[in-house]
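Here is a friendly walk through a protein chain that you can follow with the structure open beside you. Take a moment to turn it around before reading on.

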Amino acid sequence: IQEILKSLGYYTGKLDDDYGNWTHDAVEAYQRAQLHGNLVKDGDWGPATEAHYQWVLTLQRALNGWKGDDIRVDGDYGPRTRARVYEVMERNHGGAYPSWAKLDGVPGPVFCRMLDIPTHPNP
């Protein structure tokens, strides 16, 4: 967890596998920074946070399979990922992404079906 958080810039401490205050605070910072997924901001890298992280990796990989600029596959649903979701929605609106679907930048069931990925695990 520390390695993941360090690579994303949330953890600045030593990689020591100690789930102390620094790690707790870094997890909470990651949870707060996620622009999608309704994570509880409790500093615990539990099943919901892990599922979110893995899902974002899947989403980012799928987005990179669509026309447009690739984004970093890092498990962080921040502004770049949200912008890429919107871009793919907008570019495919009326085609692969139905014309009746909202252009809101939220990867809901219709968008996920278009990308052939599961919906977010934390409704």
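The report below goes from the overall fold to the charges and then to three individual residues.

**The chain as a whole**

Please keep in mind that this is a predicted model. What is the order of the elements from the N terminus on? They run α-α-α-α-α, and the count for the chain is five helices and zero strands. If you trace the C-alpha atoms, they span about 50 × 25 × 20 Å along the principal axes.

How much of the chain is buried? Of its 123 residues, 42% fall into that class. The accessible surface comes to about 6900 Å², and carbon and sulfur atoms contribute 50% of this area. As for contacts with a separation of 6 or more, 35% of them join residues that are 24 or more positions apart.

**Charges and a negative patch**

The chain carries 13 positive and 17 negative charges. The mean positions of these two sets are 7 Å apart.

On the surface, Glu3, Asp16, Asp17 and Asp18 form a negative patch. One of these, Asp17, sits in the loop that links helix 1 (2–8) and helix 2 (21–33). Why is Asp17 classed as exposed? Its relative accessible area is 78%, and the class begins over 50%.

**Three residues side by side**

The table sets Asp17 beside two helix residues, to show how each is placed and classed.

| Residue | Location | Relative accessible area | Class |
|---|---|---|---|
| Asp17 | loop between helix 1 and helix 2 | 78% | exposed |
| Glu28 | helix 2 | 19% | buried |
| Thr58 | helix 3 | 29% | partly exposed |

Glu28 is a residue to look at in your viewer. It lies in helix 2, and it counts as buried because its relative accessibility is 19%, where the cut-off is under 20%. Which residues does Glu28 touch, once its neighbours within four places in sequence are left aside? Glu28 is in contact with Lys41 and Gly43.

Thr58 belongs to helix 3, which covers residues 47–64. With a relative accessibility of 29%, Thr58 counts as partly exposed, since that class lies between the 20% and 50% limits. How far is Thr58 from Val73 in space? Their C-alpha atoms are separated by 8.4 Å, while along the chain the two residues are 15 residues apart.

Conventions
Residues numbered from 1 in each chain as written. Predicted model: local features only at pLDDT ≥ 70, side-chain atom pairs only at ≥ 80, totals over all residues. Heavy atoms only, no water. Patch = residues over 30% accessible without salt bridge, like charges linked within 9 Å, V, L, I, M, F, W, Y side chains within 5 Å. Areas by Shrake-Rupley, 256 points an atom, 1.4 Å probe, with all protein chains shown as cover. Salt bridge = Lys/Arg side-chain N within 4 Å of Asp/Glu carboxyl O. Lys, Arg positive; Asp, Glu negative; His and termini not counted. Charge placed at Lys NZ, Arg CZ, Asp CG, Glu CD. Helix = DSSP H or I, 4+ residues; strand = E, 2+ residues; numbered from the N terminus. Buried < 20%, exposed > 50% of the residue type's maximum accessible area, 1.4 Å probe, protein only. Contact = heavy atoms within 4.5 Å.
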